[in-house]
Amino acid sequence: MQLTRPLAGALLSGVLASMTPLTAAAQGIPIGHLTDFSGPTADVGGPYGQGVADTIAYINRQGGIAGRKLDHETVDYSYQVPRAISAYKNWSGRVVAIQGWGTADTEALVGFITKDKIPYYSASYAATLTDPVGGSKADKATPYNFFYGPSYSDAARGMVQWAADDWKKRGGQGKPRYVHMGANHPYPNSPKAAAEEYARQLGFEVLPPIQFALTPGDYTAQCLTLRQSGANYAYLGNTAGSNISVLKSCQTVGVQVQFLGNVWGMDENAMKAAGSAANNVVYPVRTSAIWTGNAPGLAMVKEISRISDPSGNAYRASHYLAAVCSTLYMKEAMEWAAANGGITGENIRRGMYARTNWVPKGTEGVCKPSTWTATDHRSLLQLDLYRAEVKDAGEGSIAALIAKGAIQMKPIATIDLPRRKEWLGW
Amino acid sequence: MTMDGTLLVQLLLSGLIVGALYGVVAMCFVLIYKASQVVNFAQGEFMLIGAWACWWLLVKFQLPFFAGFLITLAFMMAFGLILQIVVLKPLIGEPIISVIMVTIGLSIFFQALMKWLFGVSAQPFPPVFATSDVNLLGLQVRTVYVMSTLISIGIMAAFAWFFKYSRMGLAMRATAFNQQVAQSLGISVRQVFALAWGISAMVSALAGVVVGVVNGVSPALSFFGIKVFPAVILGGLDSIVGAVVGGLVIGVLENLAHYVDSQFLRWGNLYEIAPFYVLILILMVRPYGLFGTKDIERV
Amino acid sequence: MAATIALRPCGDFKTSYASDQTVFPTKLSLAFCVAGVALLCLAPLFLGKYGLSLLVQIGYLGIAALGLNILVGFTGQISIGHAVFFGFGAFASAFISNKLGVPVFFAVPLAGVATTAVGLLFGVPAARLKGLYLAIATLAAQFILQDFFARAGWFTGGVAGTPAKSFSVFGHELAGDHQYFYVVLAYVVLMYLAAANLMRTRDGRALVAIRDHYLSAEMMGINLTKYRTLSFGFAAFYAGTGGALYAHYLGFVSVEGFDILFSIQFLAMVIIGGLGSIMGTLMGTAFMVMLPEVMGGLAKMLSGSAIDRLLSLNEGIVFLREMTIGAVIVLFLIFEPDGLAHRWRQIRAYWKLYPFSH
């Protein structure tokens, strides 16, 4: 029993600590922050969560919002739904907004936040979250879900549009062939129907989708099928880990196809891990500039980055920049709310509708002009497409590889999608 | 049709190569089960630890591949031994399901430890072979897979010799058959268990390194461990030969299912699901797997 | 069902079958149980949303875990596919209440029945398979049903998931943690009593006989196939009911989240709680639900403190948290492989003979 006493003490304090409410500093604005730093999506959740945390610290350093500091609590829920639910229940009744993360937590909490009227800024860009009134194919009304960036479906449609132009530019003969590759899972399936439908409209021959799992493995079979089917454009719908495997398998097998990536499935880290297999992959970027780009807004982003990286040497992935934008939109909506009735969930939501073609102050050239309306939460219908140019250069940090020229990201197009009413929600 | 014929042959070849890898991991799994009756849910994590260890040696110390690889094997052997002694020995005699839960707990522990030590992003393996792929029957195959197939065959042969002719191997078989009788004959059951875990860890590391060389090392590598279950059950839980056959069958089956699906059925997910359907069918016909020993029940 | 004696005697002095078959062994234990439920009824007055949500989670997960315990602990089978039955119940309840217009009050038990049908289907291989071979058949069920969920848009809403209506009794809506808590509490009490009752009936004894020595059971005339399949049916019924309660709590069911890791968590709840013990299941569920919360709280306390700076842990704290969860499971099982129920019995026995316990 001797040893168990301190152990019991530790456990008890843990229980009490877990139930400690957000220590509201005098007039602090409580917000919640869900991240995945240690779970299956940690490779992209890390940079994104860091971006949100740094931006909040930066906002506080600049004096906060209307004189009040942001009081945020970060919970790493490791992509496990029950933990997200408990974290939310701990916050509910106190927080006025939540910076969320992926599909798991966003979907689990969508009912709660709608009822409790708490704006939820997710990093899940599922099109089913873009309909605030209901009635579209989304089959549910999500008036309190916001995200910065094109939805997965719109990003896929954008790439299909680029593919159509690219085919003409290449002088391709006949109908180009499009194929969707991904796992049978909500994340890769999210844009499938939309992209295939749009591809048909634009004159593609849509081949039957090719399945591959979300875990790394050997995908020679899929690559052989891909080669045999004669596809010209293949959309990789999975997350980075398995996309890397497919790219490598297809490089070995020798497949000649234009790969199209997705927002979370192709980034600088994936390029480093895949090496030359990732060469020529076209992928979407949510911001107008990347870390190594040139834009007036990047100065502010670099300042924000210095909060967690005083040396200024860290390379920030595209996810970091998107997180900065997402948090700054929340901040400006809160500023509007403070001037129009107080910072509550409902007012923050109304604040999101207050501006059109909105770029947060100081981020010109980084955050794209976005518009949210009470009937349409598709804030962004423009995306930049980049082409990855990667040579095998082995080891080194991403910054070093980019400096060496082994990893290059060339912007190739900016796609503007039409805002079609029938595209809302799917 | 000839185009499809070549495709089929290539798929079969690819299936056999990957199946050999499944077979290797399945063998490790069966080894532990045979010796100590434990279902090791942490097999995937053994692969992961081996892959990260090798990567670290190659990248941090710039060692040539074979040196790093051999050191990794030695390290994993020691790791398996220590793990068995520290964690699993106290559980000898406890209900098997508790031990299974312990291996699950270990897998959670090691996953988190690896993420802490090596980060959460995928890392590429430094180039190992001068030529990265080789042409076999018209199919480009990665050299590392050829290496792994050769090593797998070597390991299978070594295991076969070990269990049939060496003293330790016979001791292991005796322990698996009946612990108490083996003990009464002077076999140190503790040593047998420890050795079984050590060898299993070591061979898993080989598979882990191969997967790491092909796909890069990432925390998701441990999911390979779950893929192995159908292979093990198909072949019979207590048969090493069965594990190998099971692995090959599953590898070929996955690819065949994909072929059938993409050519004719167009359902979409046959690649992942087919092994399970086939498994259930085979288990209905042969409840102990293809090579498993039937439990002869006497009252 | 009524207990006839107040305290537990040091021997077996029962003189009638009725007294031998009581659900509660002594009057005192019945009293404690009633008091416990009464105390829980008062919980919404004291606990906030957070505490209540934890209790609600323990509730619906505990119901599903009880099903698994009937299967694993009482019948000696094994299942690594429990999460998909839970998920099937969730989807079924949402489907029944949305598409078929059945009120949620009836949709929940109907979802349980629907899940039972699916469970019976997967229980058929159980007739011939034993031990770990059976485990793989359930693993196959896990993957096959998961694939079905992702595919069957008409049933699960596919990618978009499906919303679930909130619980209502005779038009009076019971939404929000404070009210839904009572719904879950009622279901927990009902299902646990039903399980306890099952174990004292002929069928329950048959299940236990199969676990203990199935050859003798078969010789005594117990139809192994029937009871093994039935056991799967029970497990599925409980899982489906738990899943339905989950669906109406969240208001939305998504395909994500019913994966093999979730199945393994159910297994952990049952094993840590104690196989073959009904009360143990609830304890095991509480343990598995509270463990990440407690660890999260400790991690929060630790970050930024002196120890953090000393060992320069920083981001390592989250990994340390996950490692500790795994280590706690391992250590717990090394020191108490028979689960919390067994430890509880030991503690009770210690205090019963205090100060003369040995």
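1. In this predicted model, a convenient place to start is A:Tyr178, whose bridge partner in strand S9 of chain A is A:Tyr233. The two strands concerned, S6(A) and S9 (residues 233-236), run in the parallel sense and are paired over four bridges.

2. Strand S6 of chain A, which spans residues 177-182, also pairs with strand S7 of chain A (residues 205-206), to which two bridges join it in a parallel arrangement. Within that pairing, A:Arg177 has A:Glu205 of S7(A) as its bridge partner.

3. A further partner of S6(A) is strand S8 of chain A, made up of residues 210-211, and here too the pairing is parallel, with two bridges. A:Gly182 takes part in this pairing, since its bridge partner in S8(A) is A:Gln211.

4. As for how covered this strand is, five of the six residues of S6(A) are buried, and the strand can accordingly be described as mostly covered.

5. Turning to the nonpolar interior, the largest nonpolar core holds 376 residues, and the members that touch the most others are B:Val25 and B:Met27. At least three residues of this core come from domain 1 of chain A (27-150 + 290-380), and at least three from domain 2 of that chain (152-285 + 381-423). In soluble globular proteins, nonpolar side chains tend to be buried together.

6. For a reader who wishes to inspect the surroundings of B:Val25, its contacts, leaving aside neighbours within four places in sequence, are B:Gln43, B:Met47, B:Ser204, B:Ala207, B:Phe224 and B:Val228.

Notes: Residues numbered from 1 in each chain as written. Chains lettered and ligands numbered in written order. Predicted model: local features only at pLDDT ≥ 70, side-chain atom pairs only at ≥ 80, totals over all residues. Buried ≥ 20, exposed ≤ 12 C-beta atoms within 10 Å, placed from the backbone. Pairing = 2+ DSSP bridges. Core = buried A, V, L, I, M, F, W, Y, C linked by C-beta atoms within 7 Å. Domains from an automatic or database assignment. Contact = placed C-beta atoms within 7 Å.
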